[in-house]
Amino acid sequence: MTAIYQEILHAKLQKRKLLAILLDPEKLELAPIQDVCLKIKETPATHIFVGGSTFNGFHLDALILEIKKHIHLPVLLFPGDYKQISAHADGILFLNLVSGRNPEYLIEHQVNAVPLLEKTNLEIIPTAYLLIESGVVTAVEKVSATKPLNRDNIDYVSQTAKASEWMGNQLVYLEAGSGAKKAVPLEMIRETASKISIPIIVGGGITSFEGIQQAYKAGATMVVIGTAFENNTSFFEL
């Protein structure tokens, strides 16, 4: 069992709360990274995710190296496609968009990533990625050409998560999408947590500290904050 995943799994067993700050490299320049990292160090963050739906991979290596100069947290790639791979990160969420049926995101990007990943020492964590309807058409929906799962069909979502676990995924990521109007329903998190034994990551549409705490109580091991932190780097100041 690999180190980063082992820590996430132990956090689930010990009911510890993990928090990832998602940085979209398309929206970041190298110059202000130090300031962003200083803000992250003031938060309860345990992990950094780097990636975006439409990022073309330009300056990714330099960006990650700069992040790691200023902050000592695990940096995980959260790639929109196989071009968003950097050997300088610590690991990668090897995403499988099981909420959709577009073969490009079920297997093709993963196949194309193999020769790139084989040249790295990245910790590869198989992750089932479930896009949940959130009241707005998100970048993930546009780029992947897939429809999100109905937020009211909680049984189907939890069944999808269980099938993903049986297929060997080590994490389930319930995602409302960047800029979502509605977060993943708490009842959906609860039902999914009751059905699977692997850790759950929840992201998208969480706009308050209270929302983070509610997601934890519902069964999330890790919560991801992206847009809210982008818009207000003092988001966690109480």
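# Exercises on a predicted model

S86 is buried, with a relative accessible area of 0%. That value, like the others below, belongs to a predicted model. Grab the structure and work through these.

## Exercise 1: the surroundings of S86

Find where S86 sits between strands, and work out which side chain it shares a polar contact with.

Solution. Start with the chain path: S86 lies in the loop that links β3 (75–77) to β4 (91–97). Next, check the cover. The relative accessible area of S86 is 0%, and the cut-off for buried is under 20%, so S86 counts as buried. Now look at who does the touching. Setting aside residues up to four places away in sequence, S86 touches L60, D61, I64, L77 and L122. One of these, D61, also has its side chain joined to that of S86 by a polar contact of 2.6 Å.

## Exercise 2: the two sides of α1

Which residues of α1 are buried, and why do they end up on the same side?

Solution. First get the helix in view: α1 covers residues 3–14, twelve residues in total. From first C-alpha to last it reaches 16 Å, close to the 16 Å expected at 1.5 Å a residue. Then pick out the covered positions in α1, which are I4, Y5, I8, L9 and A11. They take up an arc of only 155 degrees around the axis, so they fall on the same side of α1. The spacing rule behind this is handy: an α-helix has 3.6 residues a turn, so residues three or four places apart point the same way. Finally, turn the helix around: A3, L13 and Q14 are exposed on the other side of α1. Keep going just past the end of α1 and you hit K15, which takes a positive phi of about 60 degrees.

## Exercise 3: walking across the strands

Trace the strand partners from β2 through to β6, and say how the pairs run.

Solution. Take it pair by pair.

- Step 1. β2 (residues 47–50) is joined to β1 by four bridges, and the two run parallel. L23 of β1 stands opposite V50 in β2.
- Step 2. β1 is also joined to β8 by four bridges, again parallel. Here A20 stands opposite V224 in β8.
- Step 3. β8 (residues 222–225) meets β7 through three bridges, in parallel. V224 turns up once more, as the bridge partner of G203.
- Step 4. β7 is joined to β6 (residues 171–175) by four bridges, and this pair is parallel too. G203 has E175 opposite it.

Now add the helices. β1, α2 and β2 make a right-handed β-α-β unit. So do β6, helix α7 (residues 186–195) and β7. A further right-handed unit comes from β7, helix α8 (residues 209–218) and β8.

## Exercise 4: both faces of a strand

How many residues of β1 are buried, and which way do they point?

Solution. Count along β1 (residues 18–23): six of its six residues are buried. Then sort them by direction. L18, A20 and L22 point one way, while L19, I21 and L23 point the other. Try β7 (residues 200–203) for comparison. I200 and V202 point one way from β7, I201 and G203 the other way, and all are buried.

## Exercise 5: buried, partly exposed or exposed?

Sort E141, K39 and A145 by how covered they are, then list what touches each.

Solution. Take E141 to begin with, in helix α5. Its relative accessible area of 10% makes E141 buried. Leaving out neighbours within four places in sequence, E141 is in contact with L131, V136, T146, K147 and P148. With K147 there is also a polar contact of 3.3 Å between the side chains.

Move on to K39, in helix α2 (residues 33–41). At 24%, K39 is partly exposed. Its contacts beyond four places in sequence are F229, T233, S234 and E237. K39 and I85 are 46 residues apart in sequence and 25 Å apart, C-alpha to C-alpha.

Finish with A145, in the loop between α5 (139–144) and α6 (154–166). Its relative accessible area is 62%, so A145 is exposed. Beyond its neighbours within four places, A145 is in contact with N102 and V140. The C-alpha atoms of A145 and E165 are separated by 24 Å, with those positions 20 residues apart along the chain.

Terms used
Residues numbered from 1 in each chain as written. Predicted model: local features only at pLDDT ≥ 70, side-chain atom pairs only at ≥ 80, totals over all residues. Heavy atoms only, no water. Buried < 20%, exposed > 50% of the residue type's maximum accessible area, 1.4 Å probe, protein only. Polar contact = N/O pair within 3.5 Å; in protein donor to acceptor, adjacent residues only side chain to side chain. Contact = heavy atoms within 4.5 Å. Pairing = 2+ DSSP bridges. Right-handed = clockwise from strand over helix to strand, strands pointing away. Expected span 1.5 Å × (residues − 1). Arc of directions from axis to C-beta.
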